[in-house]
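Student: I have just opened this one and don't know where to start. Could you walk me through it?
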Amino acid sequence: MKAILTVIGQDKVGIIAGVSQKLADLDINILDVSQTIMEEYFTMTMMLQLKQNADFENIKKELHSVGVKLGVKINLQNEEIFNAMHKL
C-alpha cells in the first residue's frame with residue numbers, strides 16, 4: 001500500500017533524520033520525497049510504500065510521537081484516500 005506523509009513545522013536540525021529513521025525502524029520504504037524551507041518553516045512531502053499487512057493506525061501513532069518530539073506536525077494518509085480527496 002502506498003501512503004502520503006506530510007511534515008510541517010519550524011525548521012531545525014534533525015527533522016529529516018528523525019522522520020527517516022522512524023520510517024526505517026518501521027520497515028517503510030521512501031519512494032519519493034520533496035522538501036523545502038519557506039522562511040523559517042520546513043515542509044516535506046513523501047510517497048511511501050508500506051507492507052500490505054501494515055498496521056496503518058499504529059504507524060500513524062508512531063509518526064505522531066516522532067512529530068511531537070521534533071516539534072512538527074506529521075500527517076499520514078492512504079494514497080487512495082489522498083487522491084480521492086484531491087480530485088474534482
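Tutor: Let us begin with the core, keeping in mind that this is a predicted model. The largest nonpolar core has 20 residues, and those that touch the most other members are Leu5, Val7, Val19, Leu48, Ile74 and Leu76.

Student: Okay, and which elements give two or more residues to this core?
Tutor: Strand 1, helix 1, strand 3, helix 2 and strand 4 each do so, and helix 2 gives the most, with 5 residues.

Student: What does Val19 touch?
Tutor: Leaving aside residues up to four places away in sequence, Val19 is in contact with Leu5, Val7, Met44, Met46, Val66, Leu70 and Ile74.

Student: Switching to the sheet, what order do the strands have?
Tutor: The sheet is open and has 4 strands in the order 2-3-1-4, with antiparallel pairing. Strand 2 (29-38) and strand 4 (72-78) are at the edges, and because each has a single partner strand, one side of each is left without a neighbour in the sheet. On average, neighbouring strands of this sheet are turned by 15° against each other, if direction is ignored.

Student: And where do the helices pack?
Tutor: Both pack on the sheet. Helix 1, made of residues 15-25, touches strand 1, strand 2, strand 3 (41-49) and strand 4, and its direction makes about 20° with that of strand 3. Helix 2, made of residues 56-70, touches strand 1 and strand 4, and the direction of helix 2 makes about 165° with that of strand 4.

Student: Back to strand 1 and strand 4, how many bridges do they pair over?
Tutor: Strand 1, residues 2-10, pairs with strand 4 over 7 bridges in the antiparallel sense, and Ala3 stands opposite Asn78 in strand 4.

Technical notes
Residues numbered from 1 in each chain as written. Predicted model: local features only at pLDDT ≥ 70, side-chain atom pairs only at ≥ 80, totals over all residues. Heavy atoms only, no water. Pairing = 2+ DSSP bridges. Axes fitted to C-alpha atoms, helices over the stretch in contact; angles between N-to-C directions. Contact = heavy atoms within 4.5 Å. Core = buried A, V, L, I, M, F, W, Y, C linked by side-chain atoms within 4.5 Å. Buried < 20%, exposed > 50% of the residue type's maximum accessible area, 1.4 Å probe, protein only.
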